[in-house]
Amino acid sequence: MKPSTRLIHHPYRPPAGFDAPQVGVHKASTVFFPDVATLRARDWRQKNGYTYGLHGTPTTFTLEERIATLEGGLQCLLVPSGLAAIALVDQALLGPGDELLLPANVYGPSRELARHELARWGITHRLYDPLDAAALAAMIGPATKLIWIEAAGSVTMEFPDLQGLLQVARAKGVTSAIDNTWGAGVAFDAFALGADIVMQALTKYPSGGGDVLMGSVTTRDAALHERLKLTHMHLGLGVAANDAELVLRSLPSLALRYAAADASARELATWLAARPEIARVLHPALPGSPGHAHWRASCRAAAGLFSVLFDARFAGADVDRFVDALELFRIGFSWAGPVSLAVPYELAAMRQPAPYAGALVRFSIGFEDVEDLKADLDQALSRLRG
Ligand SMILES: Cc1ncc(COP(=O)(O)O)c(C=O)c1O
């Protein structure tokens with residue numbers, strides 16, 4: 001055998017007896033079968049063996065198991081982004097003639113997916129008020145096949161009547177899916193409350209670094225998982241082992257990071273609520289915020305994410321100047337990383353009718369010292385007055 005061949009066929013055994021805190025990175029497109037009989041007997045749907053890189057390696061299987069544990073679920077699928085996780089659920093469960101119900105404050109791209117892609121396949125959608133479970137019940141008809149729930153809602157941060165909405169879905173026999181990105185498996189127990197599917201953008205708190213895009217779809221029902229798994233396979237979805245490793249490395253600190261962001265965000269939200277420039281703070285854990293009673297009923301924590309509405313005397317351009325004047329807060333969308341973020345939103349362009357008049361800024365609180373963040377907000381607010 002020539003050296004070039006020997007380099008390829010050099011014996012390799014994964015290290016036995018090697019134990020360490022972090023999981024190894026196993027990367028593969030091809031997975032070898034020991035013989036033809038094993039190849040013929042393979043079952044891509046089962047996790048009792050490895051068949052193809054796209055269908056999982058020891059690294060991605062471990063991450064799936066840990067996310068299922070985090071969510072209180074039994075099975076989990078990984079996909080390349082949070083939005084891909086939403087799309088997987090929609091595509092697996094909906095077909096021509098079906099109706100999807102979305103909360104009025106749903107993550108924007110989820111609604112765009114429904115408006116553009118699902119509509120082309122003959123799937124309709126309507127928006128419901130996440131604070132009104134009775135109104136949701138009245139909307140459900142024979143064509144309704146899936147209800148998405150988001151807690152808290154994107155940007156305007158209303159906390160839904162989680163228990164009421166899930167009871168309605170269950171009573172009417174409609175599959176419910178929760179976007180648990182805000183709760184991250186830390187703030188509340190989505191399955192215990194009655195959800196059928198729990199999705200997360202692992203991009204946010206589970207990664208926590210601002211450097212990975214990934215999504216998860218977790219279930220407790222084997223038949224539902226199988227349906228999702230088949231669509232996952234047909235679409236060729238999978239995640240890179242290096243990215244899975246980054247999330248695995250971050251998971252042990254998830255609860256600590258979540259608690260730290262929660263504490264800083266509540267302090268800053270309370271501080272901002274007392275400022276004359278701010279008309280209203282939208283933070284589910286603050287009394288007076290929409291859905292606060294629902295948050296209290298279901299949650300033990302809150303994410304480091306909140307929005308503020310500026311006093312009516314400030315125009316959008318003034319508020320843009322405030323955001324530009326921030327020095328520690330950076331301007332960017334994907335939240336839950338180490339760096340605090342601020343994004344101005346134009347509500348009128350997002351929702352009709354706009355739930356609030358006036359300019360809104362959403363903050364994601366990172367791990368900077370909270371007094372430094374306060375000083376940064378203070379200096380930017382003072383420039384707004386000037
Ligand atoms: C609530 C929510 N769901 C889903 C997503 C989508 O996640 P990704 O950026 O990984 O596609 C986001 C991203 O901002 C989000 O905020």
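## Terms and model

A residue is called buried when its relative accessible area is under 20%, exposed when that area is over 50%, and partly exposed in between, using a 1.4 Å probe and the protein chains only. By this cut-off Val155 is buried, because its relative accessible area is 5%.

The model is predicted: local features need pLDDT of at least 70, side-chain atom pairs count only at pLDDT 80 or more, and totals for chains, interfaces and linings use all residues. Residues are numbered from 1 along each chain as its sequence is written, and side-chain values use heavy atoms, with hydrogens and water left out.

## Ligand site

The ligand occupies the largest pocket. A pocket is an open set of points on a 1 Å grid over the protein atoms alone, with protein on both sides within 12 Å along at least five of seven lines. A molecule sits in a pocket if more than half of its atoms lie within 2 Å of the grid points of that pocket. Two elements each give two or more residues to the shell around the ligand, namely α4 (82-93) and β6 (197-201). Helices (H or I, at least four residues) and strands (E, at least two) are DSSP runs, numbered from the N terminus.

The ligand has 13 residues around it, and those that come nearest are Gly82, Leu83, Asp179, Thr203 and Lys204; a residue is near if one of its heavy atoms lies within 4 Å of the molecule. By class, the shell consists of six nonpolar, four polar and three charged residues. In this scheme Ala, Val, Leu, Ile, Met, Phe, Trp, Tyr, Cys and Pro are nonpolar, Asp, Glu, Lys and Arg are charged, and the others, Gly among them, are polar.

## Ligand contacts

Three side chains place an N or O atom at a short listed distance from the ligand: for Asp179 the partner is a ligand nitrogen atom, at 2.6 Å; for Thr203 a ligand oxygen atom, at 2.6 Å; and for Lys204 a ligand oxygen atom, at 2.9 Å. The protein buries 89% of the 390 Å² that the ligand exposes when taken alone. Accessible areas come from the Shrake-Rupley method with a 1.4 Å probe; for residues, only the protein chains shown count as cover.

## Gln200 and Gly95

Strand β6 also holds Gln200, which is buried because its relative accessibility is 0%. The side chains of Gln200 and Glu71 are joined by a polar contact of 2.9 Å. Such a contact is a pair of N or O atoms within 3.5 Å; within protein, one must be able to donate a hydrogen and the other to accept it, and residues adjacent in sequence count only if both atoms are side-chain atoms.

Gly95 lies in the loop between α4 and β2 (99-103). With 16% relative accessibility, Gly95 is buried. Its C-alpha atom is 6.3 Å from that of Ile123, although the two residues are 28 apart along the chain.

## Backbone exceptions

Most residues other than glycine have a negative phi, and most peptide bonds are trans. Val155, in the loop between β4 (144-150) and α7 (162-172), has a positive phi near 70 degrees. Ala336 also has a positive phi, about 80 degrees, and is found in the loop between α12 (316-325) and β10 (341-345). Ala336 is buried, with a relative accessible area of 1%.

Ala151 and Ala152 are joined by a cis peptide bond with omega about -5 degrees, and Ala152 is in the loop between β4 and α7. Another cis peptide bond joins Gln352 and Pro353, with omega about -10 degrees. Pro353 is placed in the loop between α13 (347-350) and β11 (360-364).

Conventions
1 Å grid on protein atoms, 1.4 Å probe; cavity = no way out; pocket = protein on both sides within 12 Å on 5 of 7 lines; lining within 4 Å.
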